[in-house]
Amino acid sequence: MILRKLSIIHFKNIQTATLSLSPKMNCLIGHNGEGKTNFLDAVYYLSFCRSAFNPIDSQLIFHDADFMVLDGDYADESGEPLSVYCGMKRGTKKHFKRNKKEYKRLSEHIGLIPLVFVSPSDSILIEGQSEERRRLMDVVISQYDHAYLESLSHYNKALQQRNTLLKMEEEPDLQLMQIWEEQMAHEGELIFERRNAFVENLIPVFQHFYQVISHDREQVSLRYVSHCQRGPLLEVIQRDRIKDRAVGYSLHGVHRDDLEMLLGSYPMKREASQGQNKTFVLALKLAQYSFLKKANGNTTPLLLLDDIFDKLDAQRVEQIVHLVTSEEFGQIFITDTNRTHLDQILHKGDFDYKLFEVKNGEIEEKEARHV
C-alpha cells in the first residue's frame, strides 16, 4: 500500500497541510514539539480510526477549531486508487469513508491499510504492564484476522458482565454467571490459539532482526504466558470464583495474558541498557512488519519510524539504515531532529525520497529525488 497524498485540517497542532508523498522514503525534520509525530499520528489514524497516543478524539482537534479532517489518497499493490476520509465536528462522532462510502462499523476498516508504527513511547512495552503487551498482539492480529477482532469484542463484553455480577452485594445469579463464564472460555480459547500461533511465528523473525541490528552481541527471546496453558479455560475461570467474588473482578482469563521479553534468560526490564531496549523494540516492530506483509497476502504495510536513532551506537544505526533501505520494506515515514541520520539513509541507495521540514505545525517540502 502506498499513501500518495495526505490532506490534514485542524489535527493536533497542524492547522492545514496537503502533501504529495514519495512512494519510498518520506523524511520529516524539525525540533521536538513542532509537529513531526503529529503528522505520523495522522497517517496512523487513517489506518486504525484512532490516534496512537490519545483515545479521546475531541482532544485531537486543533485548539479553537470546531472540526478536523484527514483525507488520504492511496494506491494498492495493483495501482488501484483508494481514498480514505475522516471528518469530525467537535461534540459529534467521527465519520469514516472509504471511496466516499461511509462505514457502518469502524472495525470493517481495520487491516485495509496495514501499518507498523515505531516510536519512543514503545519503551512502555518493556517497562509497562502486561496490558501494553497484549495490545501489541491485538493490534497486529486484528489487521489480518477479523474473526479475532470479533472474539476479542465478545470476550470483553462477557468479562465486563461477569465482573458486574462479581461486584454485586447480594449473591449473583449463578446461572447467569455460568453463561458469561462459558462465553469467556469459548472466545478466550480462540484468542489464545491466535496469539500463540502469532508469537511462535514471530519469534524467529524477531530474533533475526535483533541479531542483524546488534551484530549478534546478545541473545533475546519472547515467551507467551496465558492461563489457557493451565488447562480448559472454563475450569480455570471457575476454580477461583470465591476469590474473584472477594476482590470483585475476574482474576483468570486471556485478559491477564502476558508476553515476556527476555535478554538471555532474564527479563529485559531488569537487565537491558537503553540501547538494548531500543534495539529490542525496533526488532520486534520490524518482525511485525514482516509478519503482516505475509499474512496480508503480500499487501505491503506502511512503516512509521519516529525518532528511532536516539540512544543507539553508530554500528546499530548503520544496520538499521541498511535494513530499512532494502527492498523488503515499502513506503517509509521517518522523523529526526537533525539531518545526520537522515542523510545517512538518503545517500545509502538510489531510491525515491522527499524531505519535509516541520515548524510550528507547518510542513514544507524541502528536497526530493525521483528515480
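Me: At roughly what angle do the axes of helix α4 and helix α5 cross?
Reply: This is a predicted model, where local features need pLDDT of at least 70, side-chain atom pairs count only at pLDDT 80 or more, and totals for chains, interfaces and linings use all residues. Residues are numbered from 1 along each chain as its sequence is written, and side-chain values use heavy atoms, leaving out hydrogens and water. Helices (H or I, at least four residues) and strands (E, at least two) are DSSP runs, numbered from the N terminus; axes are lines fitted to C-alpha atoms, for helices over the stretch in contact, with angles from 0 to 180 degrees between N-to-C directions. The axes of α4 (residues 146-167) and α5 (residues 174-214) come within 8 Å, and they cross at roughly 145 degrees.

Me: Which strands stand at the edges of the open sheet with antiparallel pairing?
Reply: Strands pair if DSSP finds at least two bridges between them. The order in this six-stranded sheet is β2-β1-β4-β5-β6-β7. Each edge strand has a single partner, so one side is left without a neighbour in the sheet; these are β2 (14-20) and β7 (101-102).

Me: What stands opposite C86 in β6?
Reply: Strand β5 (residues 81-89) runs antiparallel to β6 (residues 95-98), with four bridges joining them. Facing C86 from β6 is F96.

Me: And in β13, which residue is the bridge partner of M25?
Reply: β3 (residues 25-29) and β13 (residues 332-336) run parallel, joined by five bridges. They belong to the open sheet with mixed pairing, ordered β8-β12-β13-β3-β14-β15. M25's partner in β13 is I332.
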